[in-house]
Amino acid sequence: MSPPPDSAVVAELVGDMKGVGPAGLSAASALRLSTQVPRFRQIAVPGRAPVGTSTVKFLTRSARPARIKADLTDLEVAFLEVLGDLSVSELSAQLSWNRLLEVLESESVRPDKLAVAAVTEPGVTRARLRSMLRSCGRERLSALIPPADTRTATRALDFKYEQ
């Protein structure tokens, strides 16, 4: 008998919790930033993470409850996860940034929901999302996100100014 699909395992272990989605390489793959197939799926849970299995690992994101309030889709969770750690992408930071801008400007994610969720995201994620929203002409949404401290924001956006 073959094991159940990963999506069935996630549904069984997480239930109907909102704001759950891919993290790490799983998030990069979902956003087409990587062609690698991860050995196990990483799933970010905005609460207490259940014990995983041999094919699914859960990551606790209990400090990010706004993901629940915003009712994020799994792709929106993946978007925030990658924004927080661009190193999971196979592409350069600048190419990853450009790809994420394409996703943000498409119908794939809802910028207003991302802005709501960003309130409880780490400073790096907030700084990057604020910058992306401004570059897309969504100043009003950008202003809803609490700014990161200056050093964090500078570090988060440094790659944009490298040659």
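# Helices, sheet and cores in a predicted model

Trainee: Where is R32 found?

Mentor: This is a predicted model, where local features need pLDDT of at least 70 and side-chain atom pairs count only at pLDDT 80 or more, while totals for chains, interfaces and linings use all residues. Residues are numbered from 1 along each chain as its sequence is written, and side-chain values use heavy atoms, with hydrogens and water left out. Helices (H or I, at least four residues) and strands (E, at least two) are DSSP runs, numbered from the N terminus. By that numbering, R32 is in the loop between α2 and β2.

Trainee: Is R32 buried or exposed?

Mentor: Buried means under 20% relative accessible area, exposed means over 50%, and partly exposed is in between (1.4 Å probe, protein chains only). R32 has a relative accessible area of 61%, so R32 is exposed.

Trainee: What is the phi of R32?

Mentor: Most residues other than glycine have a negative phi. R32 is a residue other than glycine, yet its phi is positive, near 60 degrees.

Trainee: Which loop holds D71?

Mentor: D71 also has a positive phi, of about 55 degrees, although it is not a glycine. Its relative accessible area is 36%, so D71 is partly exposed. D71 has its place in the loop between α3 (66-69) and α4.

Trainee: In what order do the three strands of the open sheet stand?

Mentor: Two strands pair if DSSP finds at least two bridges between them. β1 (residues 21-22) and β2 (residues 41-45) pair in the antiparallel sense over two bridges, while five bridges join β2 to β3 (residues 56-60), and these run parallel. The edge strands, each pairing on one side only, are β1 and β3. The pairing is thus mixed, and the order is β1-β2-β3.

Trainee: What is the bridge partner of P22 in β2?

Mentor: For G21, the bridge partner in β2 is A44. Between β2 and β3, Q42 stands opposite K57. For P22, the partner in β2 is I43.

Trainee: Which residues does S26 touch, beyond those up to four places away in sequence?

Mentor: S26 is found in helix α2. With a relative accessible area of 9%, S26 is buried. Contact means heavy atoms within 4.5 Å. Under that rule S26 touches P38, F40, R41 and Q42.

Trainee: Which element gives the most residues to the largest nonpolar core?

Mentor: A nonpolar core is a set of buried Ala, Val, Leu, Ile, Met, Phe, Trp, Tyr and Cys residues joined through side-chain atoms within 4.5 Å. The largest has 38 residues, of which F79, V82, L100, L104, L114, L129 and M132 touch the most other members. Two or more residues of this core come from each of α2 (24-30), α4 (74-84), α5, α6 (111-117), α7 and α9 (150-157). The element that gives the most, with six residues, is α4.

Trainee: How many residues are in the other core, which includes V20 and F58?

Mentor: That core lies apart from the largest one. Its members include I43 and V45. The number of residues in it is eight.

Trainee: Why is α4 largely enclosed by the rest of the structure?

Mentor: The buried residues of α4 are E76, V77, A78, F79, L80, E81, V82 and L83. Leaving aside neighbours within four places in sequence, V82 is in contact with A27, A28, L31, L33, V88 and L100. α4 is largely enclosed because its buried residues number eight of the eleven.

Trainee: At what angle do α5 and α7 pack?

Mentor: Axes are lines fitted to C-alpha atoms, for helices over the stretch in contact, and angles run from 0 to 180 degrees between N-to-C directions. The axes of α5 (residues 93-105) and α7 (residues 123-135) are 11 Å apart, and the angle is about 65 degrees.

Trainee: Which residues of α7 make the contact with α5?

Mentor: On the α5 side, the contact is made by W97, L100, L101 and L104. On the α7 side, it is made by R128, S131, M132, L133 and S135.

Trainee: How far apart in space are C136 and E102?

Mentor: C136 is found in the loop between α7 and α8 (139-143). Not counting residues up to four places away in sequence, C136 touches L101, L104 and E105. C136 and E102 are 34 residues apart in sequence, and their C-alpha to C-alpha separation in space is 9.8 Å.
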